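Open the model in your viewer and keep the selection tool at hand. The tour begins with the whole chain and then moves to a few places inside it.

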Amino acid sequence: MSQPNAKLETRNANLRARIASLRRRPEVRALARLAKQAEPGGVAVWLVGGAVRDAALGRPIPEVDAAVGGDAEALAKALEAAGFGTAVFLSRDRPGPRVFRVAGRRPIDIAEIEGGSIEADLRRRDFTANAIAVGLDDGRILDPFGGLSDLARARLRPVDPRNLLDDPLRALRAARFLATHGLSPDAATLEAARRAAPGLARVAPERIAVELSRLLEAPEAAGGLAWAARAEVLPAALGLPISRPEAARAARALGRLDAAAFRRLPSSRRRRLRLARLAGALGLAPEETRRWLAGLRLSRREAEETARLQELASSALRVRSRRDGFAWLLAAGDLAPDALALASLRGGAEEVRRVTRLKRLARVPLRRVRVTGGDVIRWLSLEPGPPVGALLERLRLEAALGTVRNRREARNWLAGQVRPRP
């Protein structure tokens, strides 16, 4: 046996072993059983897409993608009836065949084969890495476009460059696969993405938001974003009228967020930090950031927290005293670590020293005195309203500084802040 063939056989054997493990999952066994019982003679089911790709790469397989030669809805509802999750119709606003998700502990996406055969279905897919199928019944591997070989070379190659024109979101997905899977798009993918980029304007914003979020959540995202800028898909993905040089500069600005300290953060925090860094690199003020992220169909909370990170990072650079530092930490709350991380990427030497001092101060546990708004109202005979909240904020700062140490001192301090009534 020649060396290339031996390597191919080894890869296939490893893939079969991982697929065999996947086929032993209860939900996959149930899918195979129900497919045999469906229709006269049963329904053919193939494991496809991300499940096979990640099995070949030895990566975790959080969910299963299956292609069926029959009624996907009937199979999804049968799995639901068997207790494996809730059947949800996914493809209402998407081109292509019907897709149903059985949303359970480990989701299964069930799509109807497109084009009349599994071979035709694979021919319509985006990249060779995603155009590999494994028969659920017999474990047979179908790899008509050399996807396993491309995976072994960490190469991302289109099945057919025209397929990216059919669904321009695939151009952004190429950048995401570079970030999340380390698959380098080849020259044909780059050229196909550039041709598809104008079509992103007609893709539903919600679909773009999903791909962009996955890209920004990756442990290392700068390379994927830089490639997206080269492929001219970043402006449309961000929903902003920026030039190619501006997109490239924004992508470069995220390079330092690929450092080990950021890779250890939860994915949601990485995404939020990168959104804030992108907004700053593109010159967006916090209020503009709120509007931008709302247009991207991200949640109101994420838009608010991202803009707030920008505000806190800017104000951190203006902190000059210990009192200002404690006031900043109290205002920042749970956002303080990420705001300081963002601030550390900006400013000159003096600003960096201020951020360093703030980081040291943040390691000191904040002293607190338990006083509520009700206490303030009762002690000072005030009406409820904004002045009560303002007094509480000032009191918390005094407690953090150590000038107020207990409730008795808090009451005395508060009494000194309010003019007695005539």
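With everything selected, colour the residues by accessibility: of the 422 residues of the protein, 48% count as buried. Bear in mind as you look that this is a predicted model. The surface that the protein exposes comes to about 20700 Å², and carbon and sulfur atoms supply 50% of it.

Now switch to a cartoon view, in which 23 helices and 9 strands can be traced. Turn the model along its principal axes, and the C-alpha atoms fill a box of roughly 95 × 50 × 40 Å. The radius of gyration of the protein is 28 Å, whereas a compact globule of 422 residues would have one near 22 Å. Among the contacts with a separation of 6 or more, 65% are between residues 24 or more positions apart. If you then select the charged residues, you will find 77 positive and 48 negative charges, whose mean positions are 8 Å apart.

Next, select residues 169-181, which form helix α8. Is this helix mostly covered, or mostly open? It is mostly covered, since 11 of its 13 residues are buried, and the buried ones include Leu169, Leu172, Phe177 and His181, as well as the arginines Arg170, Arg173 and Arg176. You can also check the length of α8: at 1.5 Å a residue its 13 residues should span 18 Å, and the end C-alpha atoms are 17 Å apart, which agrees. Step just past the end of α8 to Gly182, which takes a positive phi of about 70 degrees.

Move on to Thr289, which lies in helix α16, residues 286-295. Its relative accessibility is 0%, and because buried means under 20%, Thr289 counts as buried. Which residues does Thr289 touch, if those up to four places away in sequence are not counted? Show Ala279, Leu284, Thr306, Ala307 and Gln310, and you have the residues that Thr289 touches.

The last stop is Leu312, in helix α17, which covers residues 300-316. Leu312 has 3% relative accessibility, so this residue counts as buried as well. Leaving aside neighbours within four places in sequence, display Trp328, Ala332, Leu335 and Ala339, with which Leu312 is in contact. To finish, draw a distance between the C-alpha atoms of Leu312 and Leu335: these two residues are 23 residues apart along the chain, and the separation in space is 8.4 Å.

Key: Residues are numbered from 1 along each chain as its sequence is written. This is a predicted model: local features need pLDDT of at least 70, side-chain atom pairs count only at pLDDT 80 or more; totals for chains, interfaces and linings use all residues. Side-chain values use heavy atoms; hydrogens and water are left out. Helices (H or I, at least four residues) and strands (E, at least two) are DSSP runs, numbered from the N terminus. The radius of gyration is taken over C-alpha atoms; the globule rule is 2.2 Å times the number of residues to the power 0.38. Buried means under 20% relative accessible area, exposed over 50%, partly exposed in between (1.4 Å probe, protein chains only). Contact means heavy atoms within 4.5 Å. Accessible areas come from the Shrake-Rupley method with a 1.4 Å probe; for residues, only the protein chains shown count as cover. Lys and Arg count as positive and Asp and Glu as negative; His and the chain ends are not counted. The place of a charge is taken as NZ of Lys, CZ of Arg, CG of Asp or CD of Glu. The expected span of a helix is 1.5 Å times one less than its number of residues.
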